[in-house]
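Colleague: I'm new to this one and would like to learn how to read helix packing. Could you walk me through it?

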Amino acid sequence: MKALKQLLVFALVTFLAVNTSFAKGNERDDNEINQLRASVENASATDWKVYAEAAERCIELKANLSEAYIWIEKSIEINSNSENLEVKGDYLRLNGAKKMAIATYNQAILAGMNEGRDITKLQKKVLRLR
């Protein structure tokens, strides 16, 4: 059941991402996206940070969001931590999945507490969504 829910969310988010990426595309962003793709392709199999940073930049640009989702999921698969969970929360928030974003930010808060990270920014993100 959980896998089905994730699949449906992924399909919805991918649909929204494709629509957003077509609306926002321009040549400068396309060049940057190509550079992000190259960095991901050249990343080592254990380098979660490259995937997370590439996804984060796509979220900032509001471009290439379907691929950004794949990258953030790959980052979390390699090493789930507060940084990549926060990026996933940002992705979900951008795509209107408010409840899922809050849940993911809460996971990031717990991970951040375990990592000894300052979680103030994450807490503020949750409060803004409530």
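Modeller: Sure. Keep in mind that this is a predicted model. Let's start with one pair: H3 and H5 are roughly parallel to each other.

Colleague: How do you describe a pair like that?

Modeller: Two packed helices are described by the angle between their axes and the distance between the axes. Here, the axes of H3 (residues 48-61) and H5 come within 10 Å and cross at roughly 25 degrees. Angles under 35 degrees count as roughly parallel, so that's the label this pair gets. The crossing is left-handed.

Colleague: Which residues of H3 and H5 make the contact?

Modeller: From H3, it's Trp 48, Lys 49, Ala 52, Ala 55, Glu 56 and Ile 59. H5 brings Glu 83, Asn 84, Val 87, Asp 90, Tyr 91 and Leu 94. By type, that contact has seven nonpolar, one polar and four charged residues.

Colleague: And how do H4 and H5 cross?

Modeller: Same recipe: the axes of H4 (residues 65-78) and H5 (residues 82-94) come within 9 Å, crossing at roughly 150 degrees. H4 and H5 are therefore roughly antiparallel, and their crossing is left-handed. Among the residues in this contact are Tyr 69 and Ile 72 of H4, with Leu 85 and Lys 88 of H5. The tally is eight nonpolar, two polar and two charged.

Colleague: Is H5 mostly covered or open?

Modeller: Mostly covered: 10 of its 13 residues are buried, including Asn 84, Val 87 and Tyr 91.

Colleague: What span should H5 have, at 1.5 Å a residue?

Modeller: Its 13 residues should span 18 Å, and the end C-alpha atoms are 18 Å apart, which agrees.

Conventions:
Residues numbered from 1 in each chain as written. Predicted model: local features only at pLDDT ≥ 70, side-chain atom pairs only at ≥ 80, totals over all residues. Heavy atoms only, no water. Axes fitted to C-alpha atoms, helices over the stretch in contact; angles between N-to-C directions. Helix = DSSP H or I, 4+ residues; strand = E, 2+ residues; numbered from the N terminus. Parallel < 35°, antiparallel > 145°, perpendicular 65-115°, else oblique. Left-handed = near helix turned anticlockwise from the far one by under 90°. Contact = heavy atoms within 4.5 Å. Nonpolar A, V, L, I, M, F, W, Y, C, P; charged D, E, K, R; others polar. Expected span 1.5 Å × (residues − 1). Buried < 20%, exposed > 50% of the residue type's maximum accessible area, 1.4 Å probe, protein only.
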